[in-house]
Amino acid sequence: MDTKNLYINTIGCQMNVYDSEQIAKALIPLNYRAAPSLEDADLVIVNTCSIREKAEQKAFSFLGRLSRLKRKKPGLIIGVGGCVAQQEGKKIVKRMPHIDIVFGTHAIGRLPLHIKNIELKRYRIVDIEMSEKIDEFGHIDGFQQNKNVTSFVTIMQGCENFCTYCVVPYVRGIEISRNPENIIKEIRHLVDSGVREVTLLGQNVNSYGKKEKHCSFPELLARVNEIDGLARIRFTTSHPKDLSEDLMHAFKDMDKLCRHIHLPVQSGSNRVLKKMNRKYTGELYLEKVERLRNFCPEIAITSDIIVGFPGETDADFVETLDLIEKVGFDGLFAFMYSDRPKVPATAFPDKVSKREKKERLQTLLDFQDRFAIKKNVELLGKNESVLVEGFSKKYSKNADRSMPENIQWTGRTSTNKSVNFVRRKGSVLKNYTGKMVDIKIEKVLAHSLLGKQC
Ligand code: 5AD
Ligand code: SF4
């Protein structure tokens with residue numbers, strides 16, 4: 001049987017990146033392999049994100065452009081998966097006649113059968129059925145070889161926190177945790193194929209296993225920490241309200257667990273936090289940060305912030321800046337609030353204007369840059385252990401591969417800071433990818449560090 005070309009466009013979070021890998025893997029038995037370019041594709045899958053309006057627009061604009069390709073190539077199959085697919089379902093096939101299949105976040109396991117049916121009978125399919133069981137279809141069998149140094153591993157799906165601005169509980173469903181045995185088996189396989197670092201994914205990893213009475217999240221971490229050949233463990237995301245002492249202990253006790261936590265605070269105003277249904281106050285957040293730093297003083301803390309939530313006043317925004325200053329985050333992802341379908345905040349009064357949202361976002365980013373640089377300056381002259389992921393972006397673009405001394409490599413510190421470096425003169429090591437190397441930090445930029453191999 002001839003191989004067919006599959007092109008996947010992944011929009012959105014790490015969970016979508018992981019899902020796209022599952023999709024590619026699920027379609028191998030149907031003889032689909034990665035297409036060299038979009039134009040060569042026999043099947044295009046767009047794995048969509050609907051967390052913010054912008055991401056959804058990006059998906060629709062790409063899908064719109066595909067209609068021209070379909071006209072040129074009528075045999076082309078086009079599929080829409082992920083959160084926008086789950087949210088919009090039938091509306092997508094109605095609005096876009098060139099789309100063959102819409103499949104939701106729980107339908108990846110059924111995708112091969114659907115594609116086979118489309119290939120044979122050319123009819124259109126919408127499958128947005130959700131289930132209360134986790135689909136282990138490809139997680140365990142027929143793993144794809146992962147050629148990267150790092151890999152994502154989903155440990156649970158869904159979310160039941162219902163923050164008032166967020167679509168995730170609607171598009172990803174109820175919280176369901178994977179069986180720990182399957183997770184360990186998957187990570188072992190990844191390590192056998194060359195992966196050195198895994199990031200465990202869940203919308204709220206702190207509640208891993210509770211419902212199913214599997215082990216707790218810190219217990220799962222302890223099991224992953226035992227896996228031979230694995231160098232590093234990361235995880236995301238942790239809800240501040242559920243951050244437990246046990247998890248704080250893990251940062252102190254587990255040698256492979258990276259010293260970094262992503263702990264989305266969203267706002268520094270208690271009034272806004274209440275309206276967001278976050279179930280903690282700014283004070284409680286600060287208390288947790290302090291306790292975390294008592295367990296692990298070197299831990300890097302990053303966060304998400306939404307500016308311009310309905311009803312957010314200048315005074316609320318100043319409270320957010322205040323919290324940022326008190327915590328001293330290593331990095332921030334800040335977003336302008338956007339209305340999403342079905343979520344309660346969409347109906348909240350006192351929407352903040354686009355202009356104000358933009359201004360607040362810029363103020364916040366400028367404010368944060370000062371702290372990020374300050375944090376990075378603390379590393380000047382220090383030696384940091386870096387897991388090398390490959391050539392740096394700059395080197396990949398202007399490569400003169402005849403001069404190994406000039407090769408610039410890139411990797412991350414345990415605290416998740418990106419470091420570009422050149423090798424030590426005379427070093428016998430040719431390929432640094434996947435190696436743990438000690439780097440002396442010599443220069444500091446706002447979002448990366450430059451150094452030399454010690
Ligand atoms: N508008 C803006 N930002 C949002 N986020 C989630 N929903 C919205 C929304 N409606 C942000 C939150 C979350 C991150 C993944 O996306 O900060 O932590
Ligand atoms: Fe969305 Fe809140 Fe769940 Fe995070 S915890 S996915 S912000 S509902």
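A polar contact here is a pair of N or O atoms within 3.5 Å. Keep that in mind for the first close-up, and remember throughout that this is a predicted model.

**View 1. Ligand 1 and the residues around it.**
With that cut-off in hand, start at S338: a polar backbone atom of this residue sits 2.8 Å from a nitrogen atom of ligand 1. Y165 also uses its backbone, with an N or O atom 3.0 Å from a nitrogen atom of the ligand. D304 brings in its side chain instead, where an N or O atom is 2.7 Å from an oxygen atom of ligand 1. Those three belong to a longer list of surrounding residues: I51, R52, Y165, Q266, D304, I306, F335, M336, Y337, S338 and R340.

**View 2. Ligand 2 and its shell.**
Now move over to the second ligand. Around ligand 2 you'll find C159, N161, F162, C163, Y165, C166, V168, P169, Q203, H239 and R278. Sorted by class, this shell has seven nonpolar residues, three polar ones and one charged one. Spot Y165 in the list for ligand 2; Y165 is also one of the residues surrounding ligand 1.

**View 3. An open sheet of three parallel strands.**
Here the strands line up in the order β12-β13-β14, and they pair in parallel to make an open sheet. The edges are β12 (260-262) and β14 (331-336), each of which pairs on one side only. Going from one strand to the next, the twist averages 15°. Look between β12 and β13 (residues 300-307) and you'll find three bridges, in the parallel sense. To pick out a bridge, find I261 and then its partner in β13, I301. Helix α12 packs on this sheet and touches β12 and β13, with its direction at about 165° to that of β13.

**View 4. Helix α12 beside helix α13.**
Stay with α12 (residues 282-295), but turn to its neighbor α13 (residues 314-327): their axes come within 11 Å and cross at roughly 10°. Angles under 35 degrees count as roughly parallel, so α12 is roughly parallel to α13. From α12, the residues that meet the other helix are G282, Y285, L286, V289 and R293, while α13 offers L323, K326 and V327. By class, five residues of this contact are nonpolar, one is polar and two are charged.

**View 5. Another helix pair, α9 and α10.**
The axes of α9 (residues 217-225) and α10 (residues 245-253) come within 9 Å of each other, crossing at roughly 25°. This pair is therefore roughly parallel, too. On the α9 side, F217, P218 and L221 make the contact; on the α10 side, look for D246, L247 and A250. The residues here split into five nonpolar, no polar and one charged.

**View 6. Strand β18 with partners β15 and β19.**
This last close-up follows β18 (residues 436-444), which runs antiparallel to β15 (residues 383-391) and is joined to that strand by five bridges. For one of these pairings, find E384 and its bridge partner in β18, I439. Strand β18 also runs antiparallel to β19 (residues 449-453), again with five bridges. I441 is bridged to G451 in β19. How many residues does the hairpin from β18 to β19 pass through? Four residues make that link.

Conventions: Residues numbered from 1 in each chain as written. Chains lettered and ligands numbered in written order. Predicted model: local features only at pLDDT ≥ 70, side-chain atom pairs only at ≥ 80, totals over all residues. Heavy atoms only, no water. Pairing = 2+ DSSP bridges. Helix = DSSP H or I, 4+ residues; strand = E, 2+ residues; numbered from the N terminus. Axes fitted to C-alpha atoms, helices over the stretch in contact; angles between N-to-C directions. Parallel < 35°, antiparallel > 145°, perpendicular 65-115°, else oblique. Contact = heavy atoms within 4.5 Å. Nonpolar A, V, L, I, M, F, W, Y, C, P; charged D, E, K, R; others polar. Near = heavy atom within 4 Å. Polar contact = N/O pair within 3.5 Å; in protein donor to acceptor, adjacent residues only side chain to side chain.
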